[in-house]
Amino acid sequence: MRVDTAISEVQDAELDLAKQLHRVRERHTAEPDVHHLGNTLAHRCEEHVRRLAPFAERYGAPVREPHVGSPRLLDALRRKSGELLGHSELAGPLLLRDLCDLSLAAHEVEIAWVILGQVAQAVRDRELLQVVTTCHEDTRMCEKWLRTRIKQVAPQVLVAG
Amino acid sequence: MADRIADIWGARTPHGADSPWPVRVDQYLAEGVPEGEVQWVPSACVLCSNGCGMDIAVHSGQIVGVRGRASDRVSHGRLGPKGLFGWQANNSPDRLTEPLVRRDGELRPASWDEAMGLVVERSRQVLDEHGPLAMGFYNSGQLFLEDYYTLSLLVRAGIGTPHLDGNTRLCTATADFALKETFGTDGDPGSLRDFDLCDTIFAVGHNIAETQTVLWARILDRLHGPDRPRLVVVDPRRTAVAREADVHLPIRNGTNLALLNGIQHELIANDRVDRAFVDAHTVGFDQLAAIVADYPPERVAEICGVPAEDIRAAARILGSADRLVSTCLQGVYQSHQATASACQVNNINLLRGMIGEPGRTVFQMNGQPTAQNTRETGANGDMTALRNWQNPDHVADLARIWNVDPLQIPTWAPPTHVMQIFRHAETGSIRFLWIVGTNPAVSLPELHRIRSILAQENLFVVVSDAFLNETGHLADVVLPAAVWGEKTGTFTNHDRTVHLSVKAVDPPGQARPDMDIFLDYATRMELKDKDGAPLIPWRTPEECFEAFKRVTAGRPCDYSGLSYEKLRGSPGIQWPCNENAPEGTERLYADHQFNTDTDYCEDYGHDLATGAAHERNDHAALRTNGRAILKSTHYLPPHEAPSEEFPLLYTTGRTVYHWHTRTKSRRAPQLNAAAPEMWVELAAGDAERLGVREGDLVRVESARGAIEARAHVSGVREGVVFAPFHYGYWDLPDGGATDGDPTENGATGDGPGGNGRRRAANELTVTEWDPVSHQPLFKVAAVRVEKVADGGGVPSPAPTTTTARPVSGDAPGTSGGDGVRETVEEAREETR
C-alpha cells in the first residue's frame, strides 16, 4: 500500500503552490486582489498540509511542515521590486505569466487530491475522505479564481498592452 | 414654519401597522417668491436613493423651490433637508457654462465644436493605435436612465470596450451582486410599504437616519406609533438609528460576516428556521448550516467585540419576528467581505421564510438616486436589462436588438470595475478616460495615487460635469453638463419605483444634457450598426425610453408597460410593469419562485471567499428550479488590522447635510452652514488617552497618507476613528485650482486653512476591494492619531443633530433651515 506516497504528493504540491503564491503576491503588490487573495490562498494551502498531518502519521508518510516565520529577505526584495514594477508597462505581462504558472501549480495540487481521494475510497478511510473532499473543493476554487483573473487580464495585456 | 436643518426628519405622524402612513407635504420656496405665480413641474428628488416624488417650483425661468408630492408612494409628500435645500446649487453662479480645453497647461474656454473635435480626434487616435481596450469610461449614479442607456449602447456596442463602470461601484455594487447571488437577478424584492407593515426591523451597517431621511421619518412614525416594531441595529457608531434600537451591536468594523454567521447559528440552533420554506424554496442549507455551526455566540463575541448575550438577544428578536424587514447599506457594502455579508442578510430572511409578502422582505439598499438605472441599462458592471454576460443567448438577443454583431459586444470577461480601470490607466494600457458626473479625485480610495494617475501624461482625461471639481482640474477637456431640473428623464429608486423628472428650466449657458453630449460624440465618431445606420437611433429622451422599454421586455426589470405619459406626475410606478401588470408590481417573488433558472439568471454566481466566477455548468448543477440560493462562507480577518504603528481602526461615512463630494450641497447655503468643515470623530476613551479634547486639531495618518482636522468626541466605538468623506479641496483657498497633487503645491502640515493641508478622508483609505462585487473598502483601514494644536475649547464643526451628537452637551445646536412648511393631511386611504 502506498497511501503515504499519495499523501506526500498532496503535501508537497500544496507547499509548492503556497511558496509560489507568496512569491507572486509579493511581486504584485500593486494588484491588491492578487496581493491579498494570494495570502489567503497560500494560508489555505498550508492549512491543508496541517489537516493531512494526522493521516501522514497514520500511514507513515514523512512529516511536512508549512514554513512559518517572519518574511524572508527575498520576500522583502520582491516586495520592493513589486512596488517599483507597479507603474511599469511590464507589470501586465509579468502578472499574466505568474498567474499562468500559478494555475499550473494549482492544477498539480488538484490532481494530487483526486488521486488521494481515490486512494481514500479504496482503503475505506472515511475520515481521510472527508478531509480530501473539503480541501479538494478549496483547490478547485483556487484554480477557478486564477482562471477568472487570467480571463480578465489576458486581453488587456496581449491586445491593448 | 419648520427649521429642517435642526429638525431633520420633520414633525412626527405616528401610525400603526393597520393604518397607512399619513401624508405630510413639505415645501420650501426661496424668500419673497410669490407662491401664486409659481409654476410646478413634476419631478423627483435626486439626493438619495429613496427618490421622493417632488414638484419643482419655477418662477421667471428659474428654479425657486420644491414641494413633496402628496400622492407619491415613496414619500407621501415629505422631503429631507437635502431635497428641500439642495436645488439652490442649480442656480449657483459658478456653474460650468462653456467647454474648457487644456492649452499650454491651462484649462481655457473653447467652443463645443473645438472641444468635441479634440475628444473625437484623441479617441480615433487611441482606437487606431491601441484598439478599444485602451478606452475607458467612468460615469455616475446621478444621471438619468436615458443618459445611461445611451452611454451603455455607445460604449458596449459602439466603442466595444469592457471598460465602462459607474461610481455606483462605490455605493451599490454589493447590493447588486448580493441580489444576483441569492435571487438570480438584480432588483430589491420588497416595497417601502413593508416598513409600514412589519413588526421587526434589522438594520445592518445602515444609518438610515442620515442616508435616507424620509425613509427614516417613515420608520420613526412606526417606532413612535401604537405597535412599535422591534429594532436590531449593527453599527460601530451610536447613530440616531442605534439610539432607537432594542439591541444595538456596535461591532468592530470589518467583522460583519462573523456576526451574521453567528446570528444564523442561533436561528438554526434554536430551531427558528422555517423548514418547510427552506426545503421548498432554497438550495444550499446544509452547507450553510455546516459553516455557521463554527460561529457560536462566544466565538463571535470575541471576533466582533460585543457581548455574546447581545448577539443572542438580537437573534431572539429576529427569530421571533413575524414580519421581518432587513436592510443593509454601506456598513456592509464598503466593508470587508462585503458580498458574503450582504448575502447572509438575505439568508436570514430566507431562513425565516420572510420574503415576497407584506412586511416581510430584505432590502439591499441603494445609495444614489439613479444607481438602479446604471445597473439596469448596463452602464456599470452589468449587461443591459439584467442580462447575463456569460450567457451567449442573452448576448445574441441584445445584439439582435442593437443590430450589431454579437462579437462586437465585449463579453469575454466581466465588465471592468473602476479600480481595475484606474489600474490599467496606471500601467499605461488605458490611454483615454471619460469621467461623467463624478469626482474620483475625492471619492476613490488612496487619493494620492488617483491624482497621480489622472495627471499622467499618457492619459487623456475628459470630464463632463456641472461644476469644475477636483477631477475637472486634472482633465484635458471639460464639458459643461445640464443637471436635474434642466433636462427630462426617468429614474428608479431602491424599491423599483420609476419617476419621470420633467425639464423645468433651461441649462445655464452652453451646458447640455449628458445624453445629448453622448449623441453628439456618437455622431462625430460615426458609430454605426451592422447595416450602416446610426448605432443610436434616438434623438430625444422619450425616444430613448421607448427603446429601453423594448430592450427590457421579458426581463425582470420590464419597463414595457410604462410611458412618459403614464409616469408624468404619477405616484411612481414599480417595475416590472407590462401587459400582465399594467400598474406595476409591488413585490417580487410573491409566489416564492426566484429568478435563479440557469437560462434566465443574470449571473452564474461566485465563490464568496475568492470571487472565482462560476460558469454555466456549475450553476446548472445547483438545479435551482426557481429556488433561492443560500450562499455562505467563513469569516476571514481584514487584511489591514490595527498594529503598533497604526493602532486604531478607521472608517468613513456621510453626514446628513452633504452629498458625496459636496458639489451640490456645498452650494446650498443652509446645508453648507450646517456642516461647513471637515472633522474626525474619536471615542471618549481614545480621546482621553491621546490627550485630545473636543475641537483640538489632530493629525490622522495611515500607511498611505495623513489628514488634519478638528476632533469631535462622539459615540463612536472605542478604538475606531470616523471621518466624513465629503470634504475635498475645491473650496479651500487655491485648493481646487492646483492642477496636480495639492500636497505638492503647498507646505504640508499647515494649520487650518493653509494651502496644502490635506483633509479628504480618502487620503487614508486603502486600495482594496471585495472579491465578488469589486466594491472598494472604505470602512476598514488602520490609522494613528496625534494632537497637532489645541482647539482652545472651541467645539469641532461637526453637526450636533445626528450621529455626531457630542458626548458633552455644551456645543450650540445645528440649525438654520428655517422657512419649511409642513402640512399634515388627515388620514386617508392608501392609493394602492
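Q: How much surface does chain A expose, and what share of it do carbon and sulfur atoms supply?
A: This is a predicted model, so treat the values here as computed from it. Chain A exposes about 8200 Å². The part supplied by carbon and sulfur atoms is 56%.

Q: Which pattern does chain A follow along the sequence?
A: Start with the counts: chain A has 5 helices and 0 strands. Reading along the sequence then gives α-α-α-α-α.

Q: What percentage of the residues in chain A count as buried?
A: Buried here means under 20% relative accessible area. Chain A has 161 residues to sort by that cut-off. The share that counts as buried is 51%.

Q: Why does the radius of gyration of chain B agree with a compact globule?
A: Chain B spans about 70 × 65 × 60 Å along its principal axes, going by the C-alpha trace. With 832 residues, a compact globule would come out near 28 Å. Chain B agrees with that because its own radius of gyration is 25 Å.

Q: Where in chain B does pLDDT stay under 50?
A: Overall, chain B has a mean pLDDT of 95, and 96% of its residues reach 70 or more. There is still a stretch under 50, for which the model has 40 contacts beyond four places in sequence. That stretch is residues 736–755.

Q: How far apart are the mean positions of the positive and negative charges of chain B?
A: Chain B carries 80 positive and 112 negative charges. Take the mean position of each set, and the distance between the two is 1 Å.

Definitions and conventions: Residues are numbered from 1 along each chain as its sequence is written. Chains are lettered from A and ligands numbered from 1 in the order in which they are written. This is a predicted model: local features need pLDDT of at least 70, side-chain atom pairs count only at pLDDT 80 or more; totals for chains, interfaces and linings use all residues. Side-chain values use heavy atoms; hydrogens and water are left out. pLDDT is the predictor's confidence in each residue, from 0 to 100. Contact means heavy atoms within 4.5 Å. The radius of gyration is taken over C-alpha atoms; the globule rule is 2.2 Å times the number of residues to the power 0.38. Lys and Arg count as positive and Asp and Glu as negative; His and the chain ends are not counted. The place of a charge is taken as NZ of Lys, CZ of Arg, CG of Asp or CD of Glu. Helices (H or I, at least four residues) and strands (E, at least two) are DSSP runs, numbered from the N terminus. Buried means under 20% relative accessible area, exposed over 50%, partly exposed in between (1.4 Å probe, protein chains only). Accessible areas come from the Shrake-Rupley method with a 1.4 Å probe; for residues, only the protein chains shown count as cover.
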